[in-house]
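Visitor: Please pick one part of this model and go through it closely. After that, set it against the rest of the model, with the residues named.

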Amino acid sequence: MNLSVFLKHQWLSFWRARNANKSLAIQIILGVFYFLIFLEIAAVGIVLPFLLKEKMPNTNPISIYTSYLIYYFLIGLLARFQLQELPSLSIQPYLSQNIRRKFLLRFLNTRSLVHYINFLPLFIFIPFIIVVVAPSYGPIAAICFFIALFSLVLNNHFLNMYIKRKTINNAWFFFAVLVFIAALKGLDYFKLLSFEKASSSLFISILKYPILCLVPVGMAIFVFIVNNKYLKTHLYIEELVSENKKKESKNFTFLNRLGDIGEMIALDLKLIFRNKRPKSLVVLSAALLLYGFLFYPKYLATNNFSMLFFFALLITGIFISNYGQFLFSWQSSHFDGMMTYNTNMHQYIKAKFSLFLTVCSLQFLIASFYGLMSWRLLPIQLAAYLYSVGVNSFVTIYVSTFNYRYLDLRKSASMNFQGIGAMQWLQSLLITFGPALVFYLLDHFVGFWYAVLGVSLPGVAGLIFHESIINWLVSQFKIRKYKILEGFRER
Amino acid sequence: MIKITNLRKSYNGIDAVNIGHLELNPGEVIGLVGNNGAGKTTLFRLILDLIRRNEGEILSKGNSITQSEDWKSYTAAYIDEGFLIDYLTPEEFFYFVGKLNQLSKADVDDFLSTYQVFFDGAILNKGKYIRDFSKGNQFKIGIIAALLGNPEILILDEPFANLDPSSQLRLVDMIKLMAMERKMCIIVSSHDINHVSEVSSRILLMEKGSIIKDILGGESAYAEMVDYFKIR
């Protein structure tokens, strides 16, 4: 027995997963997609040192680079809470075999290291070290510097594992670290205490005295040992994965008034907040509300209304495409039940539409504060909102009737392409670029208000005729019902 | 209650279900037996309109189950975990199903209190989501949720296989009582010919999708089944 056998099993499980048998075209698209992401990060890593040299010729690029490292690692830790999953379950089939515990531990640790989040930093560190650090401090210092940085990555890795194992419910911890980072940055910003300076002098001292790189190495080893010790005494699946917190029954009283439809919406809300994957997608939708601060000023300055509309569409309607891309698949594990409970299809589809309407209206109301930035954003966002709920919601429901893929709710969302097919790609294109193009053409050739009107009208029409559209969607759903059910039963 | 004519469902040219004529009546407890692959679960899914049939017709109270959704108001089933919403607590699930059947929270609570013995203190107020319960307890939750709407037709797939002995015996009594008092039509599939001959008033024996025996339940049925399964 050696480790490679286990890793080979993991490799097989990855490729033989039910949903991995996607069509060739999708695999190629995904491959290109991954490749582009890696390329982009590598490009940033390579361009960064030159950029620093060029833009700020008077300052030392190393001192700037190192001053941000403290934030880099803290944010890295934060990102890991969200993106990195514990591979605990992968040892379940081996626990009852004649394999020593020590070995399983080694497997668990090695397996956990194989994660893109551990490889990405290399792209940011290595080019900088080769281009900037090595010429000024010499090869030995550069190598030690790299060792120090990579040890900190490993330190973060095992720290995250440990924290996640100890506190399965890490939402509070996540916010604590977030507040901590914000506080550091705040102190920096108001020049009360300079952590950037501290960070810079810490890392530069490693360059001056390379032997100091043993400190982060020691830290990484320490965290590794603590983590290992904990694992050794808790090598029971129950203790590694299950949550022991008491779950409470919830009742959304404000939805009670809506009768059965309210009940269905409450069901969707519980689905979102009690399962990893939909939860992270929805948190992302909420975070997108902040996009306005990033993009609106830029396009307001140049009066580029169609780009403003495009982002308004994302801000007010992203929930529809994020949650809607798996509209029925979210419930795939109990879809047999959904189809036999005492309710009818019309109610079921209408509940989905009502969910979209509720959440998007909320997002629209919050986004209206952007009106303080410029009054022009108000009509643009209103048009985007009307189009989202009046057209995109129905398009999304329609497209969902073509999704026959089972979805495991408990897996996290990052880099998870389970259940994604060609339809999802088409859908995202259709519901964002389509209306943006219409807006652009109308704005360009006729005028701003015509563009606003041009995209609002179909939305308003959709809202007025929603009953008949839902009836039509029900008939479409019924045509493909058996296929959906069959697909969902295939796990 | 349910009338099946010329029903056929095939996968890759092989018949999974092929039934010429079958009528199921109120007050009957129908035991469905047969070895693996005989088509029991497929038949259930056909009756619940969860898979598309190739040919034939299924009428529930005279209405085609594919044309009208009325059957949902008086039909309940538990086949597997696919009928449970696993991220809810049992209470939430019961209230949800109750609400769909026009039962208030208080109604549901009243109803649940009559099944306390069956739950054996292992289901309610446990502070767990359904997905964290054992398979046997999930089965109990599914069965009780199915009974919530006071259905006229009840379909249970292998209920005895997952329950502990005490619950099996309780379920046998419950089924008999419901069929008698409420004139329900109950269809139960099982590999346990002992329980099935005790609980059923009528036994259907399936083989390769067809019903090859349609006999009365009881001791003689048990003997007949033993004869059949011995030589298989």
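Guide: What follows starts with a sheet in chain B and then moves outward to other parts of the model.

The model is predicted. Chain B has an average pLDDT of 90, and 100% of its residues score at least 70. For the complex, the predictor reports an ipTM of 0.83 and a pTM of 0.74.

The sheet in chain B is open and has four strands, in the order β2-β1-β4-β5, paired antiparallel. Its edges are β2 (14-24) and β5 (63-64) of chain B; each has a single partner strand, so one side of each is left without a neighbour in the sheet. Strand β1 (residues 2-11) of chain B is joined to β2(B) by nine bridges, and the two run antiparallel. Two pairs of facing residues can be named here. K3(B) is opposite E23(B) in β2(B), and Y11(B) is opposite I14(B), also in β2(B).

The link between β1(B) and β2(B) is a hairpin with two residues between the strands. In that turn, N12(B) has a positive phi of about 50°. Most residues other than glycine have a negative phi. A positive value also occurs within a strand: N6(B) is not a glycine, yet its phi is about 45°. N6(B) belongs to strand β1 of chain B. There are 12 C-beta neighbours inside 10 Å of N6(B), so this residue counts as exposed, the limit for that class being 12 or fewer.

Another asparagine can be set beside these. N150(B) has a positive phi near 55° and sits in the loop between α5 (135-147) and β7 (153-157) of chain B. Because 13 other C-beta atoms lie within 10 Å of N150(B), this residue is partly exposed.

Further along chain B, I231(B) lies in the segment that follows α9 (219-230). I231(B) counts as exposed because it has 5 C-beta neighbours inside 10 Å. Its C-alpha is 36 Å from that of A146(B), and the two residues are 85 apart along the chain.

Now to the interior. The largest nonpolar core has 137 residues, of which F309(A), F93(B) and I186(B) touch the most other members. The element that gives the most to this core is helix α15 (residues 305-324) of chain A, with 13 residues. Apart from that core there is another, of 18 residues, including I129(A), C144(A), L149(A) and V153(A). As for I186(B), leaving aside residues up to four places away in sequence, its contacts are V29(B), I30(B), L154(B), I175(B), M178(B) and A179(B).

A buried position in chain A can be described in the same way. F356(A) is in helix α17 (residues 345-367) of chain A. With 23 other C-beta atoms within 10 Å, F356(A) is buried, the threshold being 20 or more. Residues up to four places away aside, F356(A) touches I320(A), G324(A), V389(A) and S393(A). F356(A) and V446(A) are 90 residues apart in sequence, and their C-alpha atoms are 31 Å apart.

Chain A is assigned two stretches, domain 1 (3-241) and domain 2 (256-489). Between the C-alpha centres of domain 1 and domain 2 of chain A the distance is 34 Å.

That leaves the contact between the chains. Here 26 residues of chain A meet 28 residues of chain B. On the side of chain A that touches chain B, the elements giving two or more residues are α12 (260-274), α16 (335-338) and α21 (466-489) of chain A. Of these, α12(A) gives the most, with six residues. By class, this side of chain A has eight nonpolar, nine polar and nine charged residues.

To return to the sheet: its order is β2-β1-β4-β5 in chain B, β2(B) and β5(B) are its edge strands, and β1(B) and β2(B) form a hairpin with N12(B) in the turn.

Technical notes
Residues numbered from 1 in each chain as written. Chains lettered and ligands numbered in written order. Predicted model: local features only at pLDDT ≥ 70, side-chain atom pairs only at ≥ 80, totals over all residues. Core = buried A, V, L, I, M, F, W, Y, C linked by C-beta atoms within 7 Å. Contact = placed C-beta atoms within 7 Å. Domains from an automatic or database assignment. Pairing = 2+ DSSP bridges. pLDDT = per-residue confidence, 0-100. Nonpolar A, V, L, I, M, F, W, Y, C, P; charged D, E, K, R; others polar.
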